[in-house]
Amino acid sequence: MFNYVPEMFRAETAETEEEGDKWYDDHTAGRRPPELLPRDEVARAINTEVKAGRGSPHGGVFLDIASRRTPEYIRRRLPSMYHQFMELAGVDITRESMEIGPTCHYIMGGVQVIADSAATAVPGLFAAGEAAGGLHGANRLGGNSLSDLVVFGRRAGMGAAEYIEAGDVATSFNMEEAEAAVKGALDPLNREEGENPYTIQHDLQEMMQALVGIIRTGPELEEAKDKLDEFTERVKNISVKGARAYNPGWNLATDLPSMLTVSRSTALAASLRKESRGGHTREDYPNPDPEFAKFNFALSSDGGNWDSPISAAQSPLLPLPDELKALLEEAH
Ligand SMILES: Cc1cc2nc3c(=O)[nH]c(=O)nc-3n(C[C@H](O)[C@H](O)[C@H](O)COP(=O)(O)OP(=O)(O)OC[C@H]3O[C@@H](n4cnc5c(N)ncnc54)[C@H](O)[C@@H]3O)c2cc1C
């Protein structure tokens with residue numbers, strides 16, 4: 001990590017291992033070691049090391065506390081980490097290093113909704129929580145998902161109740177569309193030959209992590225878009241064994257088209273956003289660009305189907321209300 005100390009943090013970061021080690025015991029005796037730099041700096045460093053071929057066997061890096069702290073200290077201060085590594089991986093972190101790597105923990109994008117009612121563009125469909133987008137801006141603050149769920153879940157419930165009470169509810173639906181949806185869902189069960197959905201899901205996860213992960217570049221995003229076209233064809237050829245009841249493979253087969261919609265939307269928006277902001281880091285555009293602060297990308301499907309082309313439009317952000325502006329200025 002000593003190779004990855006940005007200029008901005010140099011003055012407050014230890015220069016040598018010895019200095020960093022002193023800090024552990026006495027914060028006044030040395031400066032913080034660089035492995036305690038902010039999350040995005042450490043994640044960028046891990047990403048660079050792994051991409052340069054210096055990663056750990058499972059594609060991460062090693063984090064070691066065993067050589068710095070006693071087993072008693074580790075068990076007392078990091079009880080859940082100690083137990084999780086022991087239970088899930090059989091790794092005793094009081095004696096060995098952990099293999100770690102950055103991964104996706106939240107999705108800031110989502111279905112565009114009207115904030116007051118959580119209504120979407122589809123009449124009668126409401127979205128709240130992580131499925132809805134826009135509330136958390138470029139990076140959600142820790143703990144704010146729970147508040148989001150409580151506030152906007154209530155609004156969605158009230159919005160749905162009002163919608164029903166207004167009596168403007170569709171009383172008929174398009175039978176052809178319904179039949180096409182049923183056929184689409186059953187196709188994987190009826191197909192004799194085809195690909196296993198778990199293989200596709202695994203390959204999709206690997207590809208998205210490698211090319212649309214936390215540190216992005218224009219060429220990698222373009223490569224991801226081409227690969228996503230190939231995935232779209234693969235998803236059309238899934239075959240699942242067994243019957244409809246309690247069949248997780250079939251459930252996955254019906255989820256995969258949506259996973260591709262989300263993946264294609266993420267790759268497209270990330271390629272268009274030529275700046276770095278919050279959870280979105282572009283190696284080729286490392287700084288925030290004030291022009292991009294003025295809008296979100298609103299994506300829509302051109303044909304309405306999961307495999308239709310997706311197009312992007314700029315959706316201007318409302319100006320910050322004065323009372324919030326004042327709060328932010330105060331915090332600065
Ligand atoms: C490791 C980790 C730690 C986190 N820590 C915090 C924290 O400390 N504080 C905080 O505020 N947030 C935290 N979050 C974020 C928070 O947990 C999530 O944002 C939140 O749980 C999302 O809630 P939700 O109801 O919107 O979605 P979900 O909890 O994802 O619920 C969606 C539900 O829909 C079900 N579902 C999906 N598809 C279908 C289908 N086709 N039919 C029927 N059901 C379906 C799923 O099984 C799931 O139960 C953390 C997230 C992670 C991953």
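Of the 332 residues in this chain, 17% count as buried. The model is a predicted one, and its C-alpha atoms fill a box of roughly 75 × 55 × 40 Å along the principal axes. Eleven helices and six strands make up the secondary structure picked out in the chain. As for contacts with a separation of 6 or more, 55% of them come from residues 24 or more positions apart.

Two domains are assigned: domain 1 runs over residues 2-100, and domain 2 over residues 107-168. Taken over C-alpha atoms, their centres sit 38 Å from each other.

Next comes the ligand. Its surroundings include a pair of neighbours in sequence, His 105 and Tyr 106, then the run Gly 129, Glu 130 and Ala 131. The rest of the shell is made of Gly 143, Asn 144, Ser 145, Leu 146 and Leu 149. Sorted by class, that gives five polar residues, four nonpolar ones and one charged one.

Helix H10 covers residues 248-272, which is 25 residues. From its first C-alpha to its last, H10 reaches 35 Å, close to the 36 Å expected at 1.5 Å a residue. Still, H10 has a kink of about 35 degrees at Asp 255, shortly before the proline Pro 257. Quite a list of H10 residues is buried, starting with Trp 250, Ala 253, Leu 256 and Leu 260 and carrying on through Ser 263, Arg 264, Thr 266, Ala 267, Leu 268, Ala 270 and Ser 271. In an α-helix, residues three or four places apart point the same way, because there are 3.6 residues a turn. The cover over the buried part of H10 includes three helices, namely H7 (175-190), H8 (197-211) and H9 (218-235). Strands also contribute, with E3 (215-216), E5 (295-301) and E6 (310-316) included in that cover.

Over in the loop between helix H2 (17-25) and helix H3 (39-51) sits Glu 35. Is Glu 35 buried, exposed or partly exposed? Glu 35 counts as partly exposed because it has 17 C-beta neighbours inside 10 Å, while a residue needs 20 or more to be buried and 12 or fewer to be exposed. Leaving aside residues up to four places away in sequence, Glu 35 touches Met 1 and Val 42. Ala 132 is another matter: it lies 97 residues from Glu 35 along the chain, and 34 Å separate the C-alpha atoms of the two.

Notes
Residues numbered from 1 in each chain as written. Predicted model: local features only at pLDDT ≥ 70, side-chain atom pairs only at ≥ 80, totals over all residues. Domains from an automatic or database assignment. Helix = DSSP H or I, 4+ residues; strand = E, 2+ residues; numbered from the N terminus. Expected span 1.5 Å × (residues − 1). Bend = angle between axes of the 7 residues up to and from the residue. Contact = placed C-beta atoms within 7 Å. Near = placed C-beta within 6 Å. Nonpolar A, V, L, I, M, F, W, Y, C, P; charged D, E, K, R; others polar.
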